[in-house]
Amino acid sequence: MTDTAAAGPAANMKVDGDRLWDSLMEMAKIGPGIAGGNNRQTLTDADAEGRALFRMWSEDAGMTMGLDRMGNMFMRHEGTEPDLDPVYIGSHLDTQPTGGKYDGVLGVLAGLEVIRSIRDMGIRTRRPIVVVNWTNEEGTRFAPAMLASGVFAGMHSEDYANGREDADGKTFGAELDRIGWRGDEEPGKRPIHAMFEYHIEQGPILEAEGKEIGVVTHGQGLWWLQVTLTGKDAHTGSTPMTMRVNAGLGMARITEAVHRIAMDHQPNAVGAVGQANVYPNSRNVIPGRAVFTIDFRSPDLDKLTSMRSRLEADAFEIARDLGLGIEIEPVGHFDPVTFDPELAQKLRSAADRLGYSHMDIVSGAGHDACWINRIAPTVMIMCPCVDGLSHNEAEEISPEWAKAGADVLLHAVLDAAETVR
């Protein structure tokens with residue numbers, strides 16, 4: 001029987017931080033933004049190019065690719081006992097339209113760096129290790145977010161995912177086929193022993209507290225509600241104020257209600273209107289239609305449920321008072337998440353072994369790990385980001401932060417995959 005290391009990897013085992021940073025900068029050249037970040041939205045030509053680069057790097061590191069029908073990429077590093085369930089490391093390569101260079105990408109390329117470093121050091125593990133790129137995590141082009149990991153976890157059907165449309169009426173399925181990244185593998189049929197997702201914090205807490213590592217114990221739940229208000233297009237100059245059916249005014253009042261409702265549910269609750277469009281969007285036409293999305297989040301399920309209920313009641317009252325038609329469609333939801341305590345402890349132990357400062361935190365954003373946590377033990381690790389800024393081209397981290405998190409990831413993954421002596 002093979003002996004495995006009981007005390008965990010030695011503290012001198014670390015990733016090549018320069019190589020990780022170089023990979024991040026090279027990937028950032030694909031789908032550049034206009035202000036120093038990235039616009040590599042899901043299932044675009046830029047996404048396809050980024051996928052190809054990740055595949056090339058992974059195969060150069062000795063990994064083999066699996067590809068499922070949602071375009072999820074699984075790069076496998078073999079273990080000494082291939083029949084054991086693998087340990088997964090994963091996040092996403094797609095970005096916001098005005099996204100940064102690190103959101104999601106860090107988690108994928110740090111996984112790649114873990115495998116590169118394992119090979120450099122001649123380390124073997126009993127369990128295989130798989131680095132995964134989940135399709136359409138951001139949900140900006142095709143709502144909801146975490147779409148393909150949601151199909152993998154059984155939260156959405158393939159038909160639902162394939163039928164999602166972007167603002168131009170293009171479907172997820174057609175665009176996945178167009179860029180040539182649909183595989184044959186049935187989503188969700190892969191066994192997972194454990195999954196780690198490494199991500200920038202997207203908030204200010206770690207930097208403010210002077211901590212290098214965030215061990216994510218919980219994730220906020222969320223509701224995304226798409227509201228459609230229907231009024232009447234009319235000339236802004238010749239229509240009396242008392243005779244208007246103004247969808248834009250209804251959107252404004254509901255936006256204010258969202259803020260009020262979130263404030264009424266403090267602490268640990270947030271809400272905002274993030275995506276908003278009025279039609280016909282002409283400077284001298286009263287909007288006859290408004291379509292906008294409300295984002296409510298909280299780690300408390302009762303608060304999350306209450307905020308949605310309050311919003312729906314208030315929105316229908318506002319629409320009635322203004323003579324507007326109204327439809328509210330849920331386009332994204334997951335309950336608050338508790339990540340695996342044993343995996344969280346592996347992260348803490350690794351950080352202590354390496355001498356990195358750390359603290360437990362709650363993720364304020366949704367991540368693929370939130371879905372995978374429903375079907376397999378899962379945990380997240382985070383590094384700070386400057387001023388907590390994310391979903392912005394000015395998003396920034398330091399090479400030292402990136403390396404510290406990747407070092408902890410390396411140790412925790414080797415612990416979970418069982419290093420062979």
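Helices α10 and α12 are oblique to each other, because their angle of about 125° falls outside the ranges for roughly parallel, roughly antiparallel and roughly perpendicular. This is a predicted model. The axes of α10 and α12 lie 8 Å apart. Their crossing is right-handed.

From α10, the contact draws on Lys-346, Leu-347, Ala-350, Ala-351, Arg-353 and Leu-354. From α12 come Asp-407, Val-408, His-411, Ala-412, Asp-415 and Ala-416. By class, seven of these residues are nonpolar, one is polar and four are charged.

A second helix pair involves α1 and α3. These two pack at an angle of about 140°, with axes 10 Å apart. That angle makes α1 oblique to α3. The crossing of α1 and α3 is right-handed.

On the α1 side, the contact residues are Arg-19, Leu-20, Ser-23, Leu-24 and Met-27. They meet Val-105, Leu-106, Leu-109, Ala-110, Glu-113, Arg-116, Ser-117 and Asp-120 of α3. The contact of α1 with α3 holds seven nonpolar, two polar and four charged residues.

The geometry of each pair is set out below.

| Helix | Partner | Angle | Axis distance |
|---|---|---|---|
| α10 (residues 341-354) | α12 (residues 399-417) | about 125° | 8 Å |
| α1 (residues 17-27) | α3 (residues 105-121) | about 140° | 10 Å |

Methods: Residues numbered from 1 in each chain as written. Predicted model: local features only at pLDDT ≥ 70, side-chain atom pairs only at ≥ 80, totals over all residues. Heavy atoms only, no water. Axes fitted to C-alpha atoms, helices over the stretch in contact; angles between N-to-C directions. Helix = DSSP H or I, 4+ residues; strand = E, 2+ residues; numbered from the N terminus. Parallel < 35°, antiparallel > 145°, perpendicular 65-115°, else oblique. Left-handed = near helix turned anticlockwise from the far one by under 90°. Contact = heavy atoms within 4.5 Å. Nonpolar A, V, L, I, M, F, W, Y, C, P; charged D, E, K, R; others polar.
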